[in-house]
Amino acid sequence: MADSADEPLMRHEPENDDDPAVAVDLSDVSLLLEENLRHPGLFVWLLTFSAGISGLLFGYDTGVISATLVSINSSLGHPLTTLDKSLITSATALFALLVSPISGVLADKFGRKRVVLLADIAFILGAVVQAATSSVVGMIAGRSIVGLAVGAGSFVAPLYIAELAPAPFRGRLVTLNVLFVTLGQVVAYIVGWAFAEWGNENTGWRWMVGLGALPATIQCLVMLIMPETPRWLVQVGRHDEARSVLNKVFGGGIEIQRMVDHVLRGIENEVREEEEAKRGRLRGQSKKGKTTWLTGSKDNWKELFRIGGNRRALTIACLLQGLQQLCGFNSLMYFSATIFTILGFESPTLTSLSVAVTNFLMTCAALLLIDRIGRRRILLWSIPIMSIGLLLCSLGFHFITLPADLNSENPSSSSSAHEEIPLSERTAPLLVLASVMLYVGAYALGLGNVPWMQSELFPLNVRSLGSGLSTSTNWGANFVVGLTFLPMMEFLTPAWTFVIYAIVCVAGWLCIWRIYPETMGLSLEETGTLLEDGWGVRESLRRAEERS
């Protein structure tokens, strides 16, 4: 069920004697949920897979640019410089950053489904522009349009899934969206390797980027017949449609219908309370009675930053989203083929595929563990392993003699290297590869998934806005990393670059240990209570012990 519906399941609403349907024993509702929803229904899986194509697009774009950068050669008028590569890569993140907060407002105004459809249209257009361009400027323009698509899609797809998923499966189904991201990366590396091996040298990369329009087209067609989330439907007064969607999510049966009735009434009460609170806050304004969409949006911004619990939720969400990028992961995804080229691997794209497969397999493991181990614990366990992987990677680079620039061949890959270069330097690239795989595996277990659980932290009235702002933090950090990674490799050396990323991981671990409470198994109201007067870490751990 949706986040919005999960909250009423765990909260004691004031009973109304005039409306006996309200006076439902919540323990009975919870028991029904536990007994009758042991597995998500077919309809929920269909919704999840439909929305998850957005994750596939996100992952494909991340992976395909890695192979594209080493395949373009002079197709855009001249060999790509370090600046060209950085601008082409970071343009997507910049425009994703710009569109993310706007997407939150659009999702509240026009619905989650329509934002997904708009993102698909932008992705198709961006893929066509990239495939047809003959200049660096045109490539940057195409990547910018794709940035609008992935920025909106990466925000709204987890929100769409979270608002439709039954509460016991919410963590796993949102993680499934991340699994689609990693699957998209695997597909991109396979496509890149295939075109690098057997495609035309001048047009192969065009097919790589152009094929991104295919899944976007499929999702656009599928989403046309998918429903909106019950919470948004109630918000705009379409209660009968909301009931119909809930019936499909929960299934049939008299007992289940009782639960659907209560959940729907809970959503209606939430929306009613939110509207009443807004009207109360607007009474003191000079233009009484003139409530517009713009004034409502301004009110949501004030609500997000004025209330302490909302500020703390936003702080935690932005911390996790920023750390997800500043730890350097996407720099490896964007430039992995470039890195393995300068390390002297014979097939850099195929080598990058091994990293993407590691990411995919460990995300599968996270899918099974996230609702059992807990969000906080899995982060505190996995981030130290990431730091170790980065430090080992730095150590490997210390023994490698790198070319003068990132477009030259590594001396250790020459035919005479076996005789002239020490064993430690010849085997160091393998240490770097193993270290990267260790780092990526640990990332996939925790930091690759948990930040996208951000909707758990925000109350209903600021959920879209808060999630949009935290997602924009992700893309802002992504832009910084994409723009600075190759210059850092050149001017600070690769060894120090990965040391810096390791230091960021350690700092992030300390912040998570200090302020991030355990939210596994908590209702939205319980999460809000934790954050009302502080970070609630100790209280959340106490509750986790009681449940175990």
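Me: Which element gives the most to the nonpolar patch?
Reply: Helix α17 does, with four residues. Keep in mind that this is a predicted model.

Me: Which residues form that nonpolar patch on the surface?
Reply: The patch is made of Ile385, Ile388, Leu392, Leu395, Phe399, Leu431 and Leu438. Together they have about 540 Å² of accessible area. Two elements each give two or more residues: α17 (375–398) and α19 (423–445).

Me: Take leucine 438. Where is its place?
Reply: Leucine 438 sits in helix α19. Its relative accessible area is 37%. Buried means under 20% and exposed means over 50%, so leucine 438 is partly exposed.

Me: Now aromatic rings. How is a pair of them described?
Reply: Two values do the job: the distance of the centres and the angle of the planes. Here the count comes to nine aromatic pairs. One of them joins tryptophan 301 and phenylalanine 305.

Me: Why is the pair of tryptophan 301 and phenylalanine 305 called stacked?
Reply: Look at the planes. They stand at 15 degrees, and the ring centres are 6.2 Å apart. Planes under 30 degrees apart count as stacked, so this pair is stacked.

Me: How many residues apart are tryptophan 301 and phenylalanine 305 in helix α13?
Reply: They are four residues apart in α13, which spans residues 293–306. That spacing puts about one helical turn between them. Tryptophan 301 is partly exposed, at 34% relative accessible area. Phenylalanine 305 is partly exposed too, at 41%.

Me: What about the rings of phenylalanine 498 and tyrosine 501: what are their distance and angle?
Reply: Their centres lie 6.3 Å apart and their planes are at 80 degrees. Planes over 60 degrees apart count as edge-to-face, so that is the name for this pair. Both residues belong to helix α21 (residues 493–515), three residues apart. Again, about one helical turn separates them.

Me: Are phenylalanine 498 and tyrosine 501 buried or exposed?
Reply: Phenylalanine 498 is buried, with a relative accessibility of 2%. Tyrosine 501 is buried as well, at 4%.

Me: Which residues form one aromatic cluster with Phe498 and Tyr501?
Reply: Phe397 and Phe485 join them in one aromatic cluster.

Me: Next, polar side chains. Where is asparagine 330 found?
Reply: Asparagine 330 is in helix α15, residues 329–342. Its relative accessible area is 5%, so it counts as buried.

Me: Which side chain does asparagine 330 join in a polar contact?
Reply: The side chain of glutamine 325, at 3.1 Å. Then read the contacts with residues farther than four places away in sequence. For asparagine 330 these are Thr62, Gln325 and Asn478.

Me: One more residue. Where does serine 75 lie?
Reply: Serine 75 lies in the loop between α3 (42–69) and α4 (82–110). Is a loop residue like serine 75 buried or exposed? Check the value: its relative accessible area is 18%. The cut-off for buried is under 20%, so serine 75 is buried.

Me: What polar atoms lie by the side chain of serine 75?
Reply: The backbone oxygen of isoleucine 72 is 2.9 Å from a polar atom of that side chain. The side chain of tryptophan 205 makes a polar contact with the serine 75 side chain, at 3.3 Å.

Me: Leaving out residues up to four places away in sequence, which residues does serine 75 touch?
Reply: Serine 75 touches Ser134, Asn202, Trp205 and Arg206. Trp205 thus appears in both readings, as a polar partner and as a contact.

Notes
Residues numbered from 1 in each chain as written. Predicted model: local features only at pLDDT ≥ 70, side-chain atom pairs only at ≥ 80, totals over all residues. Heavy atoms only, no water. Patch = residues over 30% accessible without salt bridge, like charges linked within 9 Å, V, L, I, M, F, W, Y side chains within 5 Å. Areas by Shrake-Rupley, 256 points an atom, 1.4 Å probe, with all protein chains shown as cover. Salt bridge = Lys/Arg side-chain N within 4 Å of Asp/Glu carboxyl O. Buried < 20%, exposed > 50% of the residue type's maximum accessible area, 1.4 Å probe, protein only. Polar contact = N/O pair within 3.5 Å; in protein donor to acceptor, adjacent residues only side chain to side chain. Contact = heavy atoms within 4.5 Å. Phe/Tyr/Trp six-rings, centres within 6.5 Å; stacked < 30°, edge-to-face > 60°.
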